[in-house]
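This report covers the pockets, cavities and overall fold of the protein shown below.

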Amino acid sequence: MKLASYGALCAFFLLALASPAPLVPPHAAGVPWTAPEIAALDRAIDAALRDPALRGAHVGLVALDTERGTRLIARDADDEFVPASNFKLLVGSAALARLGTSFAFITTVAADARPVNGTISGNVYLRGGGDALLTGADLRAAAAALAAAGVRRITGSVVTDATYFDGERYGSGWQVDDLPYGYAPVVSALELDDGTAHMTFAPGPQVGAPAIVRVRPQTSAFEVRNDLRTGAADSDDTSRLVRPWNAPDTIEVAGSYPLDAPLSGDVGPSVPDPARFAGDVFARALAAAGIRVDGALQNGRTPPQAIVLWAHRSDAMPQLLADFWYPSDNLIGELLLKQLGVVQGGVPGTAANGRALEEAFLRRIGIDPATLDIADGSGLSPYDRITPDDLVAILQYDWASADRAIVLQDLPVAGVRGTLQESFANTPLAGIVFAKTGSLRHVRTLSGYVQNAIHGPVTFSLLVNDWMGDQQPGGSQALARVRAAILGALASVNLGPVSPSPSPSPSGPIYAGNPAVRFTLVTHPLGVDPDGNARWLVETRFFDARGMPTRILENSDFHWASPGNYVQWQTRMRYGMPAAIVSTTRDGPLAITVRAKEPAIGTVVARTDTRVWKGPRVVARALGPRLVQIGWFPRAQRTVRIVRIDARGTHVVVATLHGVSSTYRDTTVHPDARYRYVVARRGYGTVRLAAVTTPPAAPRTPLAGASGIGMWLFFTNDPRDDIYVGRLDPQAIVAQAVRAHLHYVELRTAYGAYWEITPRAKPIVDAIIDGLAAHGIGTIGWTVPRDRSFEDVRQSVRTALYHTAAGTPLAGVAIDLERGDAFMGEAPEGTIALARYLREVREALGPAYLLVATVEDPYLEHLRPSDYPYAAIARQASVLQPMSYWRMMRRNPTTPAVVRTLLRASYAKLRAYARRTVPISLGGQTVAAGPNGAPPAGEIAASLDEARALHALGVCYFDWDGTDTAQWEALATHRW
């Protein structure tokens, strides 16, 4: 067989065929692949993966000869990817295997008693069994069945019962922006119409008038707040749904709808309370059927002795899978996961038990559950992870099972049905690709089977993460061409020639999409934190000249101002767009002004009022094993009394505060213990708080963990960076550390309140830590505080308690204590905050944990004790680590002799300023930063020799990414 070139394989070729190809289910046929054919396939795939459409993306691809199990292609086969809806293959296959083909969800109507003379004495119970596709027609049928049995009156209430599953409303990690929409519905055992209502928009009579919003069916189960206004003719449709944080039972419609726009399609908002929605529709159906209900609608539990009057079975498993996979229905995925939880652990079904059953299923089919992370059943969560190898193994299991025909019948098909109906239509791929799609922001996945006319079926998984083309003009079409080329190669079909995607050439701010011409603000109350602040998240949204959303990726500059309040800007990688968090201790109106300086597209003001926010105003959370923090809002002006209740019920008054206060730190708690708190504030009454459990004690970490030669290593979660975590090679890092005779690595884990070890980063970080530990090299977690807030301090404590999936702990925590706007702030407040931050970390962890305080160099930076709190920091630190970067701090040239002199002076001044005997590990320089470039080998050797002469604990060099071969060789020749 001769494979076509990439230019031939890359086509989209809409004119290749005049009519759709017939459906060709994958089936055993053909001859084995030869080595030259596999080599040709490999070259064609390599060419496809070099397409500019995939620039910066993380791509995993595995393809097997389905019948023979021969591996044809493997690219990053065992990397963990965000799968999006490809994850539905896992829960669907596990459900088919464990629940069986005859399984159906059951919904029942039961009563406290049988009807007597047309009256049911007591309640009627509508009990859900997990059927996402229960309809209003089904409930009208239930009402008709009761009426046909002669029921005319119910003396009690209609009680909705959703207790077959637990009360966890959403999949783990679901994004707040998704929750108002029907694709992210509330998960409940009692659902109606897939957890959505039907909503349409129409313009009002004139510009500025409220738009017309209609909802079906009629219901009082939720409120609709119409803030949608009629815009000018030909204006942009900016209509959107909002789930107000302070009104969870409200569906808010906001934005603008053009005056000349037609009636919208069905918007489909998710229903805030599915059980109440179903109960309300059922109660109305009873009334329409002539049945009077005396009591009000209630939520509750069906008594065991209740008499079943009506039952409804959903479609059986084969049709359920089609309803699940064809449209990629997220709710069915979550309900199947909880149904698996019923099998695993009984009623109520939980996602946790469902995950446990899935893990057992994976082990049974030969997959190690440690190679994936199961957060939900639908793939909507960005926390989900799976490898291409694992998805192919699941598909291979399905192929070999007795249920192969059901799986093939229920998968989408290219150009024919489901989410692939519009893909590859009128091409040779139509009718021969049976696969599950997946799509999230920056994620596109496709896994399934493709029929090769020569060799028979091919099982494949193509996972694309960190893809920046989803909001670029033509990005989706470019990716479709690449996918067509790959599938064409696997199917051995010629798709004709086409040009590859053009390379972008941005100037000024870098965008995913067109340049922004305006922006808006989206705000979310974050509630009260343990510092006693009401916190308000303010995010930016950008639009191009056509009113289409766009994203700024780099080179933006924004000014955030909220007079009288504290504003902290947030990194783009934390929220995806420029954002800030406003903190206030005052109850009332709150405003922030945001000015876009680069790009210069104006100023926007956002407003709110904390008095309308709902949620707890007194909170308590464990900061660490030995510290619980309590915060209250607004700031108290008079006496506050705090009582702690331990697990034995013993009451202790831990504090009586007088005057102005908003927070209290209880440092008299014990690790791994459970406490309750009662807070009494004059003028606000008494509040009993939910229980708080402290973490287990931090491990004892000896001073030796920070001795010898170390190296700073940090990474980012930005795919465009050279130090992007996906580009780290753990084996190479460990090998380099061993060759250089390092004793430890300082690995950055947190930047302010932003935790760097994302689900994507964790397996890579763990591989580095475990690999170093296997060679006796420790890892010290490195954090960079930016604020003295609870959330920021908690990240340093979280670092101390971190361990890998294999159980390897860290050797200590190094805290980068710097002043300035980008760190803890300017003097005097920022200077005071440095020492307090370290003290709070120490109080949370206890005295036996290794804390390395990375401090500004007193000699090279010409600092005095009044400029920097050396003594206060030394009281809490196990080790002081001055940033003695001699070529960064000096404009004059250096020599080995000068390096010795500088380090000796820095060491002496720091020891004097510390005012106590505390070990010092010098911070050295390898990177080419500063006016004099990278230090040569002689200077590095001099720094090590001088550190030994000073009896320093060691030297830690900055930084891994900036250290070149000459510097590494200089370290390798020196043994500490």
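In this predicted model, four elements each supply at least two residues of the lining of the second largest pocket: strand S24 (566–570), strand S25 (579–584), strand S32 (661–666) and helix H16 (829–845). The lining of this pocket comprises 38 residues, and those nearest the pocket centre are Tyr566, Arg786, Asp787, Arg788 and Ser789. The space in the second largest pocket amounts to about 980 Å³. Its lining holds 15 charged, 13 polar and 10 nonpolar residues.

Cavities form the next topic. The model has 2 cavities of 30 Å³ or more. The largest cavity encloses about 60 Å³ of space. Its lining is made up of Glu168, Tyr170, Gly171, Ser172, Val187, Glu334, Leu337, Lys338, Ala351, Arg355, Ala375 and Asp376. Two or more of these lining residues come from each of helix H7 (330–345) and helix H8 (351–364). H7 makes the greatest contribution to the lining of the largest cavity, with 3 residues. By class, 5 of the lining residues of the largest cavity are nonpolar, 2 are polar and 5 are charged.

The table sets out the volume of each space and the classes of its lining residues.

| Space | Volume | Nonpolar lining | Polar lining | Charged lining |
|---|---|---|---|---|
| Second largest pocket | about 980 Å³ | 10 residues | 13 residues | 15 residues |
| Largest cavity | about 60 Å³ | 5 residues | 2 residues | 5 residues |

The remaining values describe the protein as a whole. Its secondary structure consists of 21 helices and 44 strands. The radius of gyration is 31 Å, close to the 30 Å given by the globule rule for 976 residues, so the protein is as compact as a globular protein of that length. The C-alpha trace spans about 100 × 85 × 60 Å along the principal axes of the protein.

How many of the 976 residues count as buried, as a percentage? The buried share is 57% of the 976 residues, where buried means under 20% relative accessible area. The protein exposes about 38000 Å² of surface, and carbon and sulfur atoms supply 52% of that area. For contacts between residues at least 6 apart in sequence, 73% join residues at least 24 apart.

Note on methods
Residues numbered from 1 in each chain as written. Predicted model: local features only at pLDDT ≥ 70, side-chain atom pairs only at ≥ 80, totals over all residues. Heavy atoms only, no water. 1 Å grid on protein atoms, 1.4 Å probe; cavity = no way out; pocket = protein on both sides within 12 Å on 5 of 7 lines; lining within 4 Å. Points joined across faces, edges and corners; volume = space filled by probe spheres on them. Nonpolar A, V, L, I, M, F, W, Y, C, P; charged D, E, K, R; others polar. Rg over C-alpha atoms; globule rule 2.2 N^0.38 Å. Buried < 20%, exposed > 50% of the residue type's maximum accessible area, 1.4 Å probe, protein only. Contact = heavy atoms within 4.5 Å. Areas by Shrake-Rupley, 256 points an atom, 1.4 Å probe, with all protein chains shown as cover.
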